[in-house]
Amino acid sequence: MRHMHDVYARPGESAKFECRITGEQQPEITWSKDYQKLIQGQRFKMTYRDAVASLIIHEVSEKDTGYFTVEASNQHGFATSTAALKVKRMENQHPMYIFY
């Protein structure tokens with residue numbers, strides 16, 4: 001398994017983690033954030049194609065900052081890789097306030 005790299009994103013952008021996984025048999029792939037298993041849905045898209053496991057997180061926010069782990073397992077064992085997602089708004093980007 002090749003290790004993942006940290007990902008940097010701004011709020012509202014998509015973030016993508018990728019990890020190359022090799023082995024004799026196709027592994028079962030699971031993703032987690034800060035030790036909590038992720039479930040595929042509108043914001044999280046998980047794929048495994050051509051020995052590459054991918055996680056795309058749509059519309060990230062600062063709450064998504066944390067550590068993401070991919071685990072590959074089969075009958076021969078398992079391997080993991082962890083990388084950080086760092087979500088920060090740009091220094092000159094100010095929050096927008098709407099007054100009614």
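Visitor: What is the strand order in the open sheet of five strands, and what kind of pairing does it have?
Guide: Strands of a sheet pair through backbone hydrogen bonds, either parallel or antiparallel. Here the order runs β1-β8-β7-β3-β4, and the pairing is mixed. Strands are DSSP runs of E, at least two residues long, numbered from the N terminus, and two of them pair if DSSP finds at least two bridges between them. Keep in mind that this is a predicted model: local features need pLDDT of at least 70, side-chain atom pairs count only at pLDDT 80 or more, and totals for chains, interfaces and linings use all residues. Residues are numbered from 1 along each chain as its sequence is written, and side-chain values use heavy atoms, leaving out hydrogens and water.

Visitor: Which strands stand at the edges?
Guide: β1 and β4 do; each has a single partner strand, so one side of each has no neighbour in the sheet.

Visitor: How many bridges join β3 and β7, and in which sense do they pair?
Guide: Six bridges, in the antiparallel sense. To find your way around, start from I29, whose bridge partner in β7 is A72.

Visitor: What about β5 and β6: how many bridges join them?
Guide: Again, look for the bridges. β5 (residues 44–49) runs antiparallel to β6, with six bridges joining them. R49 sits opposite V52 of β6. The hairpin leaves two residues between the strands, and D50 takes a positive phi near 50° there.

Visitor: Where does D34 lie, then?
Guide: In the loop between β3 (28–33) and β4 (36–37). D34 isn't a glycine, yet its phi is positive, about 50°. E59 is another non-glycine residue with a positive phi, near 50°, and that one belongs to the loop between β6 and β7.

Visitor: Is E59 buried or exposed?
Guide: Buried means under 20% relative accessible area, exposed over 50%, and partly exposed in between (1.4 Å probe, protein chains only). At 61%, E59 is exposed, while D34 is partly exposed at 34%. D64 is in the loop between β6 and β7 too, but its relative accessibility of 7% makes it buried.

Visitor: Which residues is D64 in contact with?
Guide: Contact means heavy atoms within 4.5 Å. Setting aside neighbours within four places in sequence, D64 is in contact with K33, R43, I57, E59, L85 and V87.

Visitor: Which members of the largest nonpolar core touch the most other members?
Guide: In soluble globular proteins, nonpolar side chains tend to be buried together. A nonpolar core is a set of buried Ala, Val, Leu, Ile, Met, Phe, Trp, Tyr and Cys residues joined through side-chain atoms within 4.5 Å. This one has 20 residues, and the ones to pick out are F17, W31, L55, I57 and L85. β1 (7–9), β2 (15–20), β6 (52–57), β7 (66–74) and β8 (77–87) each supply at least two of its residues.

Visitor: What is W31 in contact with?
Guide: Beyond neighbours within four places in sequence, the contacts of W31 include M4, F17, L38, M46, L55 and V70.

Visitor: Where is V70 placed?
Guide: In strand β7. V70 is buried, its relative accessible area being 0%. Not counting residues up to four places away in sequence, V70 touches M4, C19, I29, T30, W31, A53, A79, T80 and S81. For a distance to check, try V70 and E18: they are 52 residues apart along the chain, and their C-alpha atoms are separated by 9.1 Å.

How values were computed:
Helix = DSSP H or I, 4+ residues; strand = E, 2+ residues; numbered from the N terminus.
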